[in-house]
Amino acid sequence: MSDCLFCKIVAGEIPATVVAESDSSLAFYDIAPQAPVHVLVIPKEHFASVNDVTDANEYVFDNLMSLVRTVVVDEGIKDSGYRLVFNTGEHGQQTVPHLHAHVLGGRKLTWPPG
Ligand code: AMP
Ligand code: ZN
């Protein structure tokens, strides 16, 4: 998707601080961190949201979660805990229409979300 922000990050056309990478997924720091650790983990292939992942391409989540596991270890939050968030659609307040997992940690997070 030529006009997609995160596809441009994958293509190296927009800079990002990459913290981990696999063949299929990329992890980089969120530009507006909401916690001491705030990493976005995305598939390199364009999917607009969680809604675009179906039984036929569930591998996308497997690959994404594999990189999430690497990130939580590398960022030192595996044992202290963290939150994974997939904002989806209008009510989910998704602002970038390229599937991404927020990995949030490094402090005790509040619940419920607003
Ligand atoms: P969401 O609101 O769930 O769609 O999340 C999109 C996230 O992307 C937000 O947390 C933004 O701060 C983050 N973001 C937007 N532009 C960039 C960028 N150029 N580099 C890194 N993170 C970004
Ligand atoms: Zn994209």
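Let me begin with Lys44, which forms a salt bridge with Glu21, where the closest N and O atoms are 2.8 Å apart; by salt bridge I mean a side-chain nitrogen of Lys or Arg within 4 Å of a carboxyl oxygen of Asp or Glu. The two partners belong to distant parts of the chain, 23 residues apart, with Lys44 in the loop between β3 (37–43) and α2 (59–74) and Glu21 in strand β1 (residues 18–21). By that rule, the count comes to 1 salt bridge.

I should say that this is a predicted model, in which local features need pLDDT of at least 70 and side-chain atom pairs count only at pLDDT 80 or more, while totals for chains, interfaces and linings use all residues. Residues are numbered from 1 along each chain as its sequence is written, and side-chain values use heavy atoms, with hydrogens and water left out.

As for exposure, Lys44 is partly exposed, at a relative accessible area of 24%, whereas Glu21 is exposed, at 52%; here buried means under 20%, exposed over 50%, and partly exposed in between, with a 1.4 Å probe and protein chains only.

Now to the largest pocket, whose volume is about 760 Å³. Of the 32 residues lining this pocket, the closest to its centre are Asp30, Ala32, Gln34, His38 and His102. Several elements, namely α1 (5–10), β2 (25–29), β3, β4 (82–85) and β5 (101–105), each supply at least two lining residues, and α1 gives the most, with 3 residues. By residue class, the lining divides into 18 nonpolar, 11 polar and 3 charged.

Methods:
Chains lettered and ligands numbered in written order. Helix = DSSP H or I, 4+ residues; strand = E, 2+ residues; numbered from the N terminus. 1 Å grid on protein atoms, 1.4 Å probe; cavity = no way out; pocket = protein on both sides within 12 Å on 5 of 7 lines; lining within 4 Å. Points joined across faces, edges and corners; volume = space filled by probe spheres on them. Nonpolar A, V, L, I, M, F, W, Y, C, P; charged D, E, K, R; others polar.
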